[in-house]
Amino acid sequence: MHLQRLKKIVGNYLAGRSSTTEKAIIEQWFKEAKAAADEEADIGQYNERKALVLNNIKAVMQHGVARKSRAPELHYLRWVAAACILGFVVVAYMFRDRITPPVMYTVVTDQYQVKEVVLPDSSTVVLNVNSRLCYPVKFNGKRSVTLSGEAFFDIRKNPDARFVVNASHLQVNVLGTSFVVSDAGIAEMALVGVKTGRVQVNASGKQPSSSVLSPGQQFVFAVRRGESKIENNIAINTDWTAQLLVFRDTPLSVVFPAIAKSLHVRIVSNNSEINKRTFTGSFLKEDNINEILKILSLSYGLKIKQTGDLIEVN
Amino acid sequence: MSAGRTTELSDTELMIRIQHSDMEAFSLLYHQYWHPLFSFAHKLLRSYDDAQDIVQTVFISIWERRETIAIQQSVESYLHQAVRFQSLKKLESLLSSPENIDRIQEELLPTFNDILHRMQEQDLLKQLEKEISGLPPRTQEIFLLSRQYRLSIAEIALKLGISEQTVKNQLHIALKALRHSIAIILICSVN
């Protein structure tokens with residue numbers, strides 16, 4: 001059986017015009033799933049989802065109840081006034097996007113930072129160093145963000161609202177998948193690599209192109225020549241997404257402030273000999289300040305004293 | 001935790017209280033049926049997220065239609081029926097979006113192909129049974145003794161008090177009559 005046949009079977013069943021065989025297939029599907037579900041004991045394995053869904057339902061329920069439980073003995077004129085105000089509020093609410101431009105957030109990483117951002121639809125984006133991501137406080141219909149630099153996107157599936165990444169040279173369209181976009185504007189190459197799902201890429205070159213990529217494929221756009229190609233069987237590198245800070249031959253006088261900024265601590269280092277030494281390496285998101293300090297003190301034989309959020313290096 | 005309390009109230013009583021907008025009764029019903037419904041939807045669509053959406057839709061729809069809802073059968077089968085319907089609708093929408101091709105090819109189509117395959121096999125066995133029952137009674141008996149009970153020709157001859165040659169002749173008649181169905185079954189079971 002192929003996809004089209006299944007589609008027809010499902011469609012016929014929903015429309016109530018299945019053949020005997022088609023009906024039997026769907027009913028067997030139900031029967032087997034039910035039997036498998038009956039076999040599965042409830043040991044609280046889905047409790048997290050259970051609580052989440054109940055919360056969602058309650059939100060809907062309370063909204064409905066609140067509307068119903070409004071006191072009915074208002075005077076006639078008060079009703080009219082209330083209706084007018086309500087009408088105005090509803091209209092204002094409906095047109096709020098036209099009245100006020102959407103509020104945008106901008107997240108920027110410097111040359112040492114890697115940052116994880118959670119979007120309003122709970123998709124996650126990991127921004128690599130020297131990147132900038134711009135997204136609205138709330139998505140209305142189409143989900144659209146602007147990127148400069150490199151980022152890994154893990155997009156929550158929503159067939160009704162496609163997700164669009166606008167970069168300097170590329171535009172990426174998806175419904176829900178994970179992929180890497182690297183388009184810094186000034187770099188020679190702009191890339192889109194797909195980790196899961198399907199991704200559509202539009203490139204603005206001499207001849208604007210549009211391609212659909214599958215997992216393991218990478219779209220490469222040579223900026224100056226305005227040409228694009230698709231590479232296959234690429235291991236999309238997302239190792240960097242686990243990182244927090246990345247340093248390459250960076251003087252400690254720069255490393256310390258970067259750590260301080262990311263981990264919200266204060267670091268004092270007055271020894272100029274120490275500050276001149278350079279550090280190469282990266283710290284991961286799961287590393288806490290103690291581990292980072294331990295790594296640095298072992299690497300350079302430093303004496304580090306921590307009191308509250310103040311750290312002194314000698 | 002809530003299981004002790006739900007047993008005090010039958011599903012029908014819960015539904016009556018829900019019809020009177022009793023949120024606590026709704027909560028009890030939810031806790032009672034969350035697991036079987038979620039698990040059912042998950043086995044159907046092989047996705048926890050989809051199963052979650054489906055159960056949520058079903059319960060919200062019950063609450064929203066509580067005043068007009070008329071449940072003919074048991075609450076349990078009503079809820080299962082609702083999950084079946086929502087799952088089918090979900091499957092239909094999955095099948096219409098190219099985004100999900102991989103998931104359908106890898107997880108959903110094999111399930112349906114497996115079902116279809118087994119159904120075809122069963123049809124053939126049924127047809128074979130039907131053809132066997134169409135044979136003369138004596139031939140039928142000898143054939144079943146030979147194939148189903150795995151008796152040798154000598155054993156059958158001894159058991160029925162007939163000559164071995166008669167048994168051979170009868171088996172030959174049976175196999176000749178059934179060869180078409182048997183061939184198809186052999187071909188299918190090899191695949």
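# Exercises on a two-chain model

The stretch of chain B from residue 29 to residue 91 has its end C-alpha atoms 26 Å apart, and the span is 81% helix and 0% strand. Keep in mind as you work that this is a predicted model.

## Exercise 1: Two annotated stretches of chain B

Find out what the UniProt record says about residues 29-91 of chain B, then do the same for residues 126-178 of chain B.

**Solution.**
Step 1. The unreviewed UniProt entry labels residues 29-91 of chain B "domain: RNA polymerase sigma-70 region".
Step 2. For residues 126-178 of chain B, the label in the unreviewed entry is "domain: RNA polymerase sigma factor 70 region 4 type".
Step 3. Now look at the shape of that second stretch. Residues 126-178 of chain B are 79% helix and 0% strand, with end C-alpha atoms 12 Å apart.

## Exercise 2: How chain A meets chain B

Describe the interface of chain A and chain B: how much area is buried, and which elements of chain A give two or more residues to it?

**Solution.**
Step 1. Start with the area. Interface size is often given as the accessible area lost when the parts come together. Here chain A and chain B bury about 4,800 Å² between them, with 71% of that on carbon and sulfur atoms.
Step 2. Pick out the big contributors in chain A. A:Trp29, A:Arg49 and A:Met61 lose the most area to chain B, and together they make up 15% of what that side buries.
Step 3. Count the residues in contact: 46 come from chain A and 48 from chain B.
Step 4. Go through the polar side of things. The interface of chain A and chain B has 14 residue pairs in polar contact, both residues being at pLDDT 80 or more.
Step 5. Place the chain A side on its elements. Helix 1 (3-15), helix 2 (20-39) and helix 3 (47-68) of chain A are the ones that give two or more residues. Helix 3 of chain A gives the most, with 13 residues.
Step 6. Sort the chain A side by class, and you get 25 nonpolar, nine polar and twelve charged residues.

## Exercise 3: Hunting salt bridges

How many salt bridges are there over all chains, and how many cross the interface of chain A and chain B?

**Solution.**
Step 1. Recall the idea: side chains of opposite charge can pair when their charged atoms come close.
Step 2. Searching the whole structure turns up 17 salt bridges over all chains.
Step 3. Across the interface of chain A and chain B there are four. One of them joins A:Arg198 to B:Asp102, with the closest N and O atoms 3.2 Å apart. That fits the cut-off of 4 Å.
Step 4. Try one inside chain A. A:Asp38 and A:Lys34 meet in a salt bridge at 3.0 Å, N to O. Because these two are four residues apart in helix 2 of chain A, about one helical turn separates A:Asp38 from A:Lys34.

## Exercise 4: The two domains of chain B

Work out where the domains of chain B lie and what joins their surfaces.

**Solution.**
Step 1. The domain assignment splits chain B into domain 1 (3-96) and domain 2 (101-190).
Step 2. Their C-alpha centres are 44 Å apart. In the contact, domain 1 of chain B takes part with eight residues and domain 2 of chain B with six.
Step 3. The two domains bury about 570 Å² between them, 60% of it on carbon and sulfur atoms. On the domain 1 side, B:Arg46, B:Leu91 and B:Leu94 supply 67% of the buried area, more than any other three residues.
Step 4. Check for charge pairs. One salt bridge crosses between these domains. B:Arg103 and B:Asp50 form a salt bridge at 2.8 Å, N to O.
Step 5. Finish with the elements on the domain 1 side. Helix 3 (23-45) and helix 5 (75-96) of chain B each supply at least two residues, and helix 5 of chain B gives the most, with three.

Methods
Residues numbered from 1 in each chain as written. Chains lettered and ligands numbered in written order. Heavy atoms only, no water. Contact = heavy atoms within 4.5 Å. Buried area = accessible area lost by both parts, 1.4 Å probe. Salt bridge = Lys/Arg side-chain N within 4 Å of Asp/Glu carboxyl O. Polar contact = N/O pair within 3.5 Å; in protein donor to acceptor, adjacent residues only side chain to side chain. Nonpolar A, V, L, I, M, F, W, Y, C, P; charged D, E, K, R; others polar. UniProt positions renumbered as here; feature names shortened; annotations may be inferred. Domains from an automatic or database assignment.
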